[in-house]
Amino acid sequence: MNRRGKLFKKYDLLLVIVIVVGFFVFYSTRSREGQSIEVFVEGKLFMQITKPGTYELHDGDKYLMKVVFNGQKVHVEDSNCPLKICERTGNVGPGGTIICVPNKVLIKFRTNVDTAVDVMTW
């Protein structure tokens with residue numbers, strides 16, 4: 001049987017699969033490095049979150065909100081503010097911000113990856 005006519009040989013296909021899987025493993029682990037959530041209350045750094053989980057924010061005895069970080073996105077699950085705009089903001093990714101004006105809370109999603117956008121307005 002003549003094998004010259006085949007486009008890919010068995011080892012060529014195996015090499016392509018290894019390269020593609022290696023790329024996805026490298027990219028998925030690289031994109032999570034250096035990601036953290038910074039929570040500011042009244043302009044002061046209150047908490048820095050680096051591990052996925054659910055975190056409750058309290059200012060003294062006063063409950064402020066519940067923040068959920070899944071490793072790639074962050075959102076506010078519950079808040080004591082009247083309009084719940086911070087909850088409606090939804091999931092925020094790298095470079096995004098959640099603001100709760102009544103509680104004076106700012107949640108920033110930090111990453112070491114440089115983005116081309118310096119400022120966002122809406």
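# Notebook: contacts, sheet and salt bridges

I began with the contacts in the chain: among those between residues at least 6 apart in sequence, 30% join residues at least 24 apart. I note at the outset that the model is predicted.

**Entry 1. Overall make-up**

I looked up the secondary structure and found two helices and seven strands in the chain. Read from the N terminus, the elements follow the order α-β-β-β-β-β-α-β-β. I then turned to the surface. The chain has an accessible surface of about 9,300 Å², and carbon and sulfur atoms account for 57% of that area. Of its 122 residues, 24% count as buried.

**Entry 2. A patch on the surface**

Which residues form a nonpolar patch on the surface? I found Leu-13, Ile-17, Val-21 and Val-25, which together have about 350 Å² of accessible area. I placed Val-25 in helix H1, which covers residues 10-30.

**Entry 3. The hairpin of S1 and S2**

I next examined strand S1 (residues 36-41) and strand S2 (residues 44-49), which run antiparallel and are joined by five bridges. Within this pairing, Val-39 stands opposite Met-47 in S2. The hairpin has two residues between its strands, and I recorded a positive phi near 55° for Glu-42.

**Entry 4. The open sheet**

In what order do the three strands of the open sheet stand? I read the order as S3-S4-S5, with antiparallel pairing. Strand S3 (53-59) and strand S5 (74-79) each have a single partner strand and stand at the edges, so one side of each has no neighbour in the sheet. Ignoring direction, I found neighbouring strands of this sheet turned by 25° against each other on average.

I followed the pairing of S3 with strand S4 (residues 62-69) and counted seven bridges in the antiparallel sense. Along it, Gly-53 stands opposite Phe-69 in S4, Glu-56 has Lys-66 as its bridge partner in S4, and Leu-57 stands opposite Met-65 in S4. The two strands form a hairpin with two residues between them, and Gly-60 in the turn has a positive phi of about 70°.

On to the next pairing: S4 and S5 run antiparallel and are joined by five bridges. Phe-69, which stands opposite Gly-53 on the S3 side, has Val-74 as its bridge partner in S5. This hairpin has four residues between its strands, and Gly-71 in the turn shows a positive phi of about 100°.

**Entry 5. The surroundings of Glu-56**

I returned to Glu-56, which lies in strand S3. Is Glu-56 buried, partly exposed or exposed? Its relative accessible area is 42%, so Glu-56 counts as partly exposed. Leaving aside residues up to four places away in sequence, I found Glu-56 touching Met-47, Tyr-63, Met-65 and Lys-66. Of these, Lys-66 is its bridge partner in S4, while Met-47 stands opposite Val-39 in the pairing of S1 with S2. I also checked Val-76, 20 residues from Glu-56 along the chain; the C-alpha atoms of the two are separated by 9.9 Å.

**Entry 6. Salt bridges**

How many salt bridges does a search of the whole structure find? I recorded two. As general background, side chains of opposite charge can pair when their charged atoms come close.

One salt bridge joins Glu-38 and Arg-110, with the closest N and O atoms 2.9 Å apart. This pair links distant parts of the chain, as Glu-38 is in strand S1 and Arg-110 is in strand S7 (residues 105-110), 72 residues apart. I then compared the accessibility of the partners. Glu-38 has a relative accessible area of 14% and is therefore buried, the cut-off being under 20%. Arg-110, at 37% relative accessibility, counts as partly exposed.

The other salt bridge is formed by Lys-84 and Glu-87, whose closest N and O atoms are 3.7 Å apart. I found Lys-84 partly exposed, with a relative accessible area of 26%. Glu-87 is likewise partly exposed, with a relative accessible area of 24%.

Key
Residues numbered from 1 in each chain as written. Predicted model: local features only at pLDDT ≥ 70, side-chain atom pairs only at ≥ 80, totals over all residues. Heavy atoms only, no water. Patch = residues over 30% accessible without salt bridge, like charges linked within 9 Å, V, L, I, M, F, W, Y side chains within 5 Å. Areas by Shrake-Rupley, 256 points an atom, 1.4 Å probe, with all protein chains shown as cover. Salt bridge = Lys/Arg side-chain N within 4 Å of Asp/Glu carboxyl O. Buried < 20%, exposed > 50% of the residue type's maximum accessible area, 1.4 Å probe, protein only. Contact = heavy atoms within 4.5 Å. Pairing = 2+ DSSP bridges. Axes fitted to C-alpha atoms, helices over the stretch in contact; angles between N-to-C directions.
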